[in-house]
Amino acid sequence: MNDDNAKRVWNYIRSKGDELQGKLPDSPRHPQGRNPYAHISKCIKSKYKASYKEIEDNKVGEVMNFIDYLVNNPF
């Protein structure tokens, strides 16, 4: 992914992570609360088998739609 698209996706992760704050289910592994930004990044890596920076430029819209899905379905 080129730098501009990587910045665009990271900013989207940050804004959507703000929306997820406090909405993720509790976990005994995270007694002080879960990190929504890490959650989104981990889900992206799990689905695409690559970090958001390593995904092809032509999939930026698809990644953003997936982030929206994660925010709308926190459980």
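In the predicted model, Ile-44 is placed in helix α2, and its relative accessibility of 0% puts this residue among those that count as buried. When residues up to four places away in sequence are set aside, Ile-44 touches Ile-13, Lys-49, Ala-50, Tyr-52, Ile-55, Val-63, Phe-66 and Ile-67. By contrast with these contacts, the C-alpha atoms of Ile-44 and Arg-29 are separated by 21 Å, although the two residues stand 15 residues apart along the chain.

The setting of Ile-44 is a protein chain whose secondary structure amounts to three helices and zero strands, arranged along the sequence in the pattern α-α-α. For a chain of 75 residues, a compact globule would be expected to have a radius of gyration near 11 Å, and the value of 12 Å for the protein chain agrees with that expectation. Along the principal axes, the C-alpha atoms fill a box of roughly 35 × 20 × 20 Å. Of the 75 residues, 35% count as buried, and the accessible surface comes to about 5,200 Å², with 45% of that surface belonging to carbon and sulfur atoms. Among the contacts between residues at least 6 apart in sequence, 58% join residues that are at least 24 apart. As for charge, the chain carries 13 positive and 10 negative charges, and the mean positions of the two sets are 6 Å apart.

Ile-44 also appears in the largest nonpolar core, which holds 19 residues and in which Val-9, Ile-13, Ile-40, Ile-44, Val-63 and Ile-67 touch the most other members. Two or more residues of this core are given by each of the elements α1, α2 (36-48) and α3 (60-72), and the largest share, seven residues, comes from α3. Ile-67, one of the residues named for touching the most other core members, is in contact with Val-9, Tyr-12, Ile-13, Lys-16, Ile-40 and Ile-44 once residues up to four places away in sequence are not counted.

The contact list of Ile-67 includes a lysine, Lys-16, whose place is in helix α1 (residues 3-20). Lys-16 has a relative accessible area of 15% and is therefore classed as buried, the cut-off for that class being under 20%. Apart from neighbours within four places in sequence, the residues in contact with Lys-16 are Ile-40, Ile-67, Asp-68 and Val-71.

Helix α1 also contains Leu-20, which counts as buried at 0% relative accessibility. Leaving aside neighbours within four places in sequence, Leu-20 makes contact with Pro-36, His-39, Ile-40, Leu-70, Val-71 and Pro-74. The pairing of Leu-20 with Val-71 spans 51 residues in sequence, yet the C-alpha atoms of these two residues are 6.0 Å apart in space.

Beyond Leu-20, the loop between α1 and α2 includes Leu-24, which is likewise buried, with a relative accessible area of 10%. The contacts of Leu-24, again without neighbours within four places in sequence, are Arg-34, Asn-35, Pro-36, His-39 and Pro-74. Val-71 offers a further reference point for this loop residue, since Leu-24 and Val-71 are 47 residues apart in sequence and have a C-alpha to C-alpha distance of 9.2 Å.

A contrasting case is provided by Lys-49, which is found in the loop between α2 and α3. With a relative accessible area of 71%, Lys-49 is exposed, whereas Lys-16 is buried. Lys-49 is nevertheless one of the residues touched by Ile-44. The backbone of Lys-49 has a phi near 60 degrees, a positive value in a residue other than glycine. In general, most residues other than glycine have a negative phi.

Key
Residues numbered from 1 in each chain as written. Predicted model: local features only at pLDDT ≥ 70, side-chain atom pairs only at ≥ 80, totals over all residues. Heavy atoms only, no water. Helix = DSSP H or I, 4+ residues; strand = E, 2+ residues; numbered from the N terminus. Rg over C-alpha atoms; globule rule 2.2 N^0.38 Å. Buried < 20%, exposed > 50% of the residue type's maximum accessible area, 1.4 Å probe, protein only. Contact = heavy atoms within 4.5 Å. Areas by Shrake-Rupley, 256 points an atom, 1.4 Å probe, with all protein chains shown as cover. Lys, Arg positive; Asp, Glu negative; His and termini not counted. Charge placed at Lys NZ, Arg CZ, Asp CG, Glu CD. Core = buried A, V, L, I, M, F, W, Y, C linked by side-chain atoms within 4.5 Å.
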